[in-house]
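Here is a short note to read alongside the structure, written for someone meeting it for the first time. Please keep the 3D view open as you go.

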Amino acid sequence: MRAWVLQDYGSLSLEERPLPEGPGLLLRVVATGICGSDLSVYKGTPAMRARWRPPLILGHEVAGIVEEGPEALLGRAVALYPALPCGVCETCQAGRPHLCPSRRHLGFHYPGGLASWIRVPEGLAYPLPEGLPFWKGALAEPLAVAWHAVRRAGPEPGEKALVLGGGAMGALVAWLLQREGTVVHLVEPNPYRAQKLLRLGLAQEAVPKGEEAGREAYPLVMDTVGLQATLTQGLRALAPGGKAVVVGLAGTEGALDLQDLVLKEKHLFGSYLFTPEEFQEILPLLDEVPEGLVYLWPAENADQAFLALLEGRIAEPKLVLVW
Ligand SMILES: [Zn+2]
Ligand SMILES: [Zn+2]
């Protein structure tokens with residue numbers, strides 16, 4: 001099989017490797033999405049250097065065909081849940097397996113989907129709806145992240161929300177909010193990308209960066225970037241008693257305006273991954289995801305895709321590699 005191995009930060013090489021042996025499912029990978037976290041590991045950001053060390057086979061947004069495993073799944077198109085919780089700790093027992101302190105991540109602890117084949121624990125595979133294109137299957141993971149974040153927010157129909165960031169997460173969060181009848185305003189500094197999301201009907205209005213605080217107060221703010229600057233601007237744009245959900249994690253630390261937070265009783269939520277039940281819930285929605293969000297790229301040239309993304313040459317919010 002072929003695998004893209006991150007040999008060192010900034011260095012991917014395509015290697016020929018034997019098929020992975022052992023227990024679990026053997027999956028022929030068809031489509032793999034590149035995530036912001038993959039780019040951060042590739043770049044070797046300080047936060048990622050502290051957690052993960054090359055060599056690594058990245059890739060946790062994976063869709064493929066089961067070629068070895070239990071009878072019921074053989075030949076089925078599946079998407080993979082990206083983490084394996086312990087199942088027995090207090091957090092797991094409380095119904096939050098995605099926050100299990102000893103969970104193991106696909107594409108980090110386990111070799112990921114930046115390879116033509118992958119072997120994974122059986123419980124991670126979820127059958128995709130019949131006839132769904134594989135590239136849409138690769139969106140299951142990011143869509144579930146967005147779904148979990150929107151559920152944390154609990155939007156009311158007709159409510160106005162400000163979405164910060166028009167990358168894959170911003171676009172999917174905006175799409176889900178729209179489906180719930182929320183009026184979405186978007187802050188995305190790249191004007192071409194902002195226009196694209198407006199054209200796709202994912203937002204009613206693009207708000208120029210820096211103007212969001214002055215204009216009106218939003219009952220709901222979704223920060224899909226996660227920098228000190230976006231958190232500050234998001235909290236400022238929030239109405240008294242409003243809710244801000246942070247689902248991006250571009251920065252690692254920052255200060256809060258406590259005066260504003262306390263005196264206006266603003267609610268601030270973090271949102272991370274999603275539960276297996278939520279993964280199941282989004283599978284029927286995948287077919288409706290607008291095609292314009294995705295740029296398909298041959299997996300044989302994945303190294304070039306990483307460069308194109310880092311240089312900002314891709315206007316589509318999501319790049320999916322196809323094997
Ligand atoms: Zn991801
Ligand atoms: Zn656990």
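The points below go from the whole chain to a group of paired strands.

1. A word on the model to begin with: what you see here is predicted. The protein chain holds twelve helices and 17 strands. Its radius of gyration is 19 Å, close to the 20 Å that the globule rule gives for 323 residues, so the chain is as compact as a globular protein of that length.

2. For a sense of scale, the C-alpha trace spans about 60 × 45 × 40 Å along its principal axes. Of the 323 residues of the protein chain, 45% count as buried. If we take contacts between residues at least 6 apart in sequence, 68% of them join residues at least 24 apart.

3. Next, an annotation from a record. An unreviewed UniProt entry lists residues 25–130 as "domain: Alcohol dehydrogenase-like N-terminal". In the model, this span is 17% helix and 31% strand, and its end C-alpha atoms lie 20 Å apart.

4. Now please find strand β10, residues 160–164. Four of its five residues are buried, which leaves the strand mostly covered. β10 pairs in the parallel sense with strand β11 (residues 183–187), over five bridges. β10 also runs parallel to strand β13 (residues 218–223), and four bridges join these two.

5. Leu164 is a handy residue for seeing both pairings. Its bridge partner in β11 is Val187, while in β13 its bridge partner is Asp223. Leu162 gives another link to β13, where its bridge partner is Val221.

6. What do β10, helix α6 and β11 make together? With α6 covering residues 168–179, they make a right-handed β-α-β unit. Tracing the chain from β10 through the helix to β11 is a good way to see this unit on screen.

7. β13 deserves a look of its own. Five of its six residues are buried, so to speak of it as mostly covered is fair. Besides its bridges to β10, β13 is joined by five bridges to strand β14 (residues 238–246), and these two strands run parallel. Within this pairing, Met222 stands opposite Val245 in β14.

8. A right-handed β-α-β unit is also made by β13, helix α9 (residues 228–237) and β14. To put the pairings side by side: β10 pairs with β11, bridges join β10 to β13, and bridges join β13 to β14. Following these links in the 3D view should help you find your way around this part of the model.

Conventions. Residues numbered from 1 in each chain as written. Chains lettered and ligands numbered in written order. Predicted model: local features only at pLDDT ≥ 70, side-chain atom pairs only at ≥ 80, totals over all residues. UniProt positions renumbered as here; feature names shortened; annotations may be inferred. Buried ≥ 20, exposed ≤ 12 C-beta atoms within 10 Å, placed from the backbone. Pairing = 2+ DSSP bridges. Right-handed = clockwise from strand over helix to strand, strands pointing away. Rg over C-alpha atoms; globule rule 2.2 N^0.38 Å. Contact = placed C-beta atoms within 7 Å.
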